[in-house]
Amino acid sequence: MIRRFTATCLLLLLCVSAARAADGVHVDVSGLGPDEKANVLARLAIRQQGDRKDLSESLVERLHEQAPADIRSALQPFGWYTPVIEAELTGSGPNWQAHYHVDAGEPTLISKIDIQLLGEGADHEAFKQALRRANRRLTQGDRLKHADYEEAKKQLTDAAYAGGFLDAYWAVSELRVNPQLRQAEIYLHLQTGPRYAFGRVSLQQDGEQGLNQAFLERYISLREGEPFDPQKLLDQQFALSDLGYFQSVEITPQRTEADAEHRVPLVIHTTPRKKHRYEGGLGYGTDTGARISLGTEWRQINQWGHNLDASARVSQIKDTLAANYRVPQGSKPGENITFSGLQDQEDLKDGDTDKYTLGVSLNRHPGEWQRRVYLEYTHEESTFMRDAVDIDPVTGMPKVDTDGNQVTQRVAQVTTADLMTPGVSFTRTDADDPIFAHRGWYLFADVHGAQNNLLSNTSFVRTYLQTRGVYSLNYKTRLLGRMELGANFHDRFADLPASQRFFAGGDQSVRGYSYESIGTDANGNVIGGQYLATFSAELERNIKGAWGAAVFVDSGGADDRFLPKQYFGVGAGVRYRAPVGSFQLDLAHPLTGDAEGQFIGLRLHIGVRVGL
């Protein structure tokens, strides 16, 4: 009995709630296209006020009488000036139903277009493209659309500002509509006024220890007397920000102080960043294992912009200690002379290596490229474990087991290299987004070498090329590709340390294989190769929000053949798009197996991709 009573009460409550939710005016509009209907519903006062708690019969009737005017006003921006409206209001308080059937009627067509440029800039190049775009939007005989009219005006005024015509104004800006004749005439007369130019550029730095004025002026590309160009102001702001010294950069045109020649003084105001930065982190990646890192940066050591950074990383596979001292050069951000020091210790698949490097490099940005010309001195000791035939010390013959097979043993081959290596590298990135690109490509090429007896104990020339690309098939799907090619021309391969040999395998190489596990000799020892070739293709699709999935196929090899034997891996993975990059969790299946062709099992790869 109690349960029935409770159920009855709940049902009554639901009915009351539903009735209250229906209170007000329900508005329905028919006969229009989706864009027109959406605008009508947004403009109808009876719909906007239909849920008021103080609705009365007289208020609803008044709003209903106003509705045809609201509908006409909402249709005019689409060129419908003579609609036929059937209005009906039914019901009574507190529930009304208002229905409006609308026949938009015949469209209002553009019968005349008069666009004129007046004044000093009438024939200037800055307006030609804007005029072409405006004429494509506004065509005689087409249906009038207010949005096209406003966009044409905006394109012309934007062109005036971009061209330096800062005083441009509309001498005539009229849209004349005759609803009875269903005709519209457009009159746009733009008075350009004089063209302005850049005036004197002043630098204002906050902070007690600013940069030398002459040093900063090297990076100022704005020149007095050049035509005023807002894009150049933006480029200048980005260029100064890219130097890394400033928290903010503001460029303010002093238009009210323009001289008789219409030159506008410019004030560049900078706020410095903190001169020192410290960071630390913990992480994990399948190529490095667990890792800990520490770093520091002195962004400004002196008034000439010298800077220093140092970092240390300790991981299960590779330990690194590095420092770079940079002396700015040239007139572009990133151009400098860098003095560097590096200490590297790495556990190889079959061995280990210790490397110490001192170097100097000249970094320049010719065009869209980054060029690095460098000279490095390296001392490296590499140990490679390999199988060797066990020799009987008495007979001098190979030992054999009871089955007649030769007995082998693991021996260490130690390579000690002192190398003075001049080199040059080129880098270029062209992508629509530096963090998560949808279209773009990346290329890195390097060549360096050493000559025996010129502060080196071996001779070689090493070349390396890496390229990556991405192409969006649609807004949710993108195709990624990667390729690596390398070759080492040497006197004797055994004299090369690990850093000058080629290896493959790992998160950024051939998934399905552990880090640098590909690069075997004839006996299956991972000692690196003379040549390198790796390839990768990946299809990635966004699933929901920041989550996505990918399928991929990788191949690669490193050995003494010009086209190395290829090891293949296929798999699938999960992607999570974060502000710092794309987190990747991949499960890969090695199709080729290890050096002996034995299946080595599925492998999990964890990493982060930034950009390409």
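Is arginine 575 buried or exposed? In this predicted model, arginine 575 counts as buried, because its relative accessibility comes to just 2%. That makes a handy way into the charged side of the structure, which holds 26 salt bridges.

Arginine 575 has a partner in glutamate 540, and the closest N and O atoms of this salt bridge sit 3.4 Å apart. The two residues come from distant parts of the chain: glutamate 540 belongs to strand β21 and arginine 575 to strand β23, with their positions 35 residues apart in the numbering. Glutamate 540 is buried too, since its relative accessible area is 5%, and the cut-off for buried is under 20%. The pair does not stand alone, as salt bridges that share partners join Arg478, Arg511, Glu538, Glu540, Asp554, Arg575, Asp586 and Arg609 into one network.

Another link in that network runs between the side chains of arginine 511 and aspartate 586, which meet in a salt bridge at 3.1 Å, N to O. Here again distant parts of the chain are tied together: arginine 511 lies in the loop between β20 (477-490) and β21 (531-544), while aspartate 586 lies in strand β24, 75 residues apart. Both arginine 511 and aspartate 586 are buried. Elsewhere, glutamate 297 and arginine 299 also meet through their side chains in a salt bridge, this one at 4.0 Å, N to O. With 11% relative accessibility, arginine 299 counts as buried.

Strand β24 turns up again on the nonpolar side of things. A nonpolar patch on the surface is formed by Trp547, Val574, Tyr576, Val580, Phe583, Leu585, Leu587, Leu602, Leu604, Val608 and Val610, which together have about 1000 Å² of accessible area. At least two residues of the patch come from each of β23 (567-578), β24 (581-590) and β25 (603-609), and β24 gives the largest share, with three residues. As for valine 608, its place is in strand β25. This valine 608 counts as partly exposed because its relative accessibility is 40%, and partly exposed covers the range between the buried limit of 20% and the exposed limit of 50%.

Moving to strand pairing, β15 (residues 351-364) and β16 (residues 370-389) run antiparallel to each other and pair over 14 bridges. In this pairing, leucine 358 stands opposite tyrosine 377 in β16. The two strands form a hairpin with five residues between them, and glycine 367 in the turn shows a positive phi of about 65°. On to the next partner: β16 also pairs with strand β17 (residues 408-431), again in the antiparallel sense, over 20 bridges. There, threonine 378 stands opposite leucine 419 in β17.

Finally, helix α5 (residues 125-137) has Phe127, Ala130 and Ala134 as its buried residues. Looking down the axis of α5, these buried residues fall within an arc of 65°, so they line one face of the helix. The spacing fits a general rule: an α-helix has 3.6 residues a turn, so residues three or four places apart point the same way. The buried residues of α5 pack against β4 (109-118), α6 (146-162) and β6 (183-191). On the other side of α5, Glu125 and Arg136 are exposed.

Note on methods
Residues numbered from 1 in each chain as written. Predicted model: local features only at pLDDT ≥ 70, side-chain atom pairs only at ≥ 80, totals over all residues. Heavy atoms only, no water. Pairing = 2+ DSSP bridges. Helix = DSSP H or I, 4+ residues; strand = E, 2+ residues; numbered from the N terminus. Patch = residues over 30% accessible without salt bridge, like charges linked within 9 Å, V, L, I, M, F, W, Y side chains within 5 Å. Areas by Shrake-Rupley, 256 points an atom, 1.4 Å probe, with all protein chains shown as cover. Buried < 20%, exposed > 50% of the residue type's maximum accessible area, 1.4 Å probe, protein only. Arc of directions from axis to C-beta. Contact = heavy atoms within 4.5 Å.
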